[in-house]
Amino acid sequence: MKRITANGGMRVKDFSIKHTFESAQPLTFHADYNEREGTLSYVNYDSLIRARFSDGAAACRISVDPENSTKIERELASRFRLGDNMDRIYQNISTDSFMESAIRQYRGMRITLNDPWETTLCFILSQYNNVKRIRLIVQRFIAEFGPEIRDGDGIAIAKGFPTSERLTEYSEAEFRKAGAGFRARYVANAADFCTNNLNLHKLRGKRYPDLKEALMEISGVGDKVADCIALMGYGSMEAFPIDVWVKRTLEQLYFNSREKSVKELHRFAEERWGDYMGYAQQYLFHSSRDNNLTVIESNSIGASG
DNA sequence: ACCCAGGCGGGCG
DNA sequence: CGCCCGCATGGG
């Protein structure tokens, strides 16, 4: 699955940087990806991670700076879950023609594994919001509240993701000015709570139900956001975040467009996709959203043209 | 102009 | 438990 080649690069089967980056995960909100060049850069804690990717039918080729290739490759392997057994995952979530075509269209899209606080902040900002604007706000947070990242000579090269501790030094009004809107209060509460009351790193290793319960103690983190944090901040594959897109799609595909409660949909997902429901959710979410956006765009082009 | 977005807390019955 | 409401703000 992962092979080290002679020049130090990696080849990874069933991995697509494009589909992963575009699937509205925390990385999407703050990383810088140039599709034409195949370059990705983002800050992980205090270091700037840069890599070049080329998606291919057989595998994705990844090359990094040989200087500290071991460290960067370890970070990429963790962040993109390069160790996942995609054959087994695809086999388990290919339950019907919709899932089969989603896998065909977005093959290689991975669930990412991100820092728990980074994930928490991103998804608090995501509520009742759209992807483009979430990205805008997250990037403002980094620019205005994030730490300066410096190279070996002390020269500033980037800004990093602001820790909860750092954010306690700013006020709700400042978060509002950065575009957080009504979520500004949740951000202020969460930053304080996760700095003084709840150590997110100590939740690692907790079972999914306990993890979710603990996360929901944070004001501004409800059922859906807690599932997002469990999935993308802790790697709990039993988490199945149900947002407006997933809800609509599940109802249309499997319930003849009849309204179902989130609780019923959770039960349905657990029964249908079991241990890999988190992955099933990401393919449902991304394919329904991406195809819908494509339709809207082509419609508006046709109407205005 | 109107509608929507990876929802949540709070108030109500 | 379920239902309903307000919420800030940029883009289609």
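**Contacts with two DNA strands and between two domains**

A sugar or linking oxygen of DNA strand C sits 3.2 Å from a polar backbone atom of Phe182. This contact, like everything described here, comes from a predicted model. Phe182 is one of 10 residues that surround DNA strand C, and the closest of these also include Tyr128, Arg133, Arg176 and Arg183. Which part of the strand does Arg133 approach? A polar atom in the side chain of Arg133 is found 3.2 Å from a base oxygen of DNA strand C. Lys263 offers a side-chain contact as well, with an N or O atom 3.2 Å from a phosphate oxygen of DNA strand C. Taking the atoms of DNA strand C within 4 Å of the protein, 63% are sugar or phosphate atoms and the rest belong to bases. On the protein side, the surface near this strand is made up of five charged, three nonpolar and two polar residues.

We can turn next to the other strand. DNA strand B is surrounded by 29 residues, with Ala24, Asn129, Val131, Val225 and Gln281 the closest. Asn129 places a backbone N or O atom 2.5 Å from a sugar or linking oxygen of DNA strand B. The phosphates of this strand also meet the protein backbone: a polar backbone atom of Gly220 is 3.0 Å from a phosphate oxygen, and a backbone N or O atom of Val225 is 2.8 Å from a phosphate oxygen. Several helices take part in this surface, and those elements giving two or more residues are helix H6 (116-126), helix H12 (223-234), helix H13 (244-254) and helix H15 (277-304). By class, the residues near DNA strand B comprise 14 nonpolar, 10 polar and five charged. Sugar or phosphate accounts for 60% of the atoms of DNA strand B within 4 Å of the protein, and bases for the rest.

The protein itself has an internal interface to consider. Chain A is split into domain 1 (2-83) and domain 2 (116-234), and their C-alpha centres are 23 Å apart. Domain 1 supplies 13 residues to the contact and domain 2 supplies 18. How much area do domain 1 and domain 2 bury between them? The figure is about 1,300 Å², with 67% of it on carbon and sulfur atoms. Within domain 1, the residues losing the most area to domain 2 are Pro26, Phe29 and His30, which together make up 47% of what that side buries.

Polar and charged groups also link the two domains. The interface holds one salt bridge and four residue pairs in polar contact. Helix H2 (residues 26-30) gives the largest share of the side of domain 1 that touches domain 2, namely four residues. That side of domain 1 consists of eight nonpolar, three polar and two charged residues. Arg79 and Glu118 form a salt bridge in which the closest N and O atoms are 3.0 Å apart.

Looking over the whole structure, a search finds 16 salt bridges. One of the pairs in a salt bridge is Asp87 with Lys13, at 3.5 Å from N to O. Asp87 belongs to helix H4 (residues 86-93), while Lys13 lies in the loop between strand E2 (10-12) and helix H1 (17-21), so this pair ties together parts that are 74 residues apart in sequence.

Note on methods
Residues are numbered from 1 along each chain as its sequence is written. Chains are lettered from A and ligands numbered from 1 in the order in which they are written. This is a predicted model: local features need pLDDT of at least 70, side-chain atom pairs count only at pLDDT 80 or more; totals for chains, interfaces and linings use all residues. Side-chain values use heavy atoms; hydrogens and water are left out. Domain bounds come from an automatic or database domain assignment. Contact means heavy atoms within 4.5 Å. Buried area is the accessible area (1.4 Å probe) that two parts lose on being put together, summed over both. A salt bridge is a side-chain nitrogen of Lys or Arg within 4 Å of a carboxyl oxygen of Asp or Glu. A polar contact is a pair of N or O atoms within 3.5 Å; within protein, one must be able to donate a hydrogen and the other to accept it, and residues adjacent in sequence count only if both atoms are side-chain atoms. Ala, Val, Leu, Ile, Met, Phe, Trp, Tyr, Cys and Pro count as nonpolar, Asp, Glu, Lys and Arg as charged, and the others, Gly among them, as polar. A residue is near a molecule or strand if one of its heavy atoms lies within 4 Å of it.
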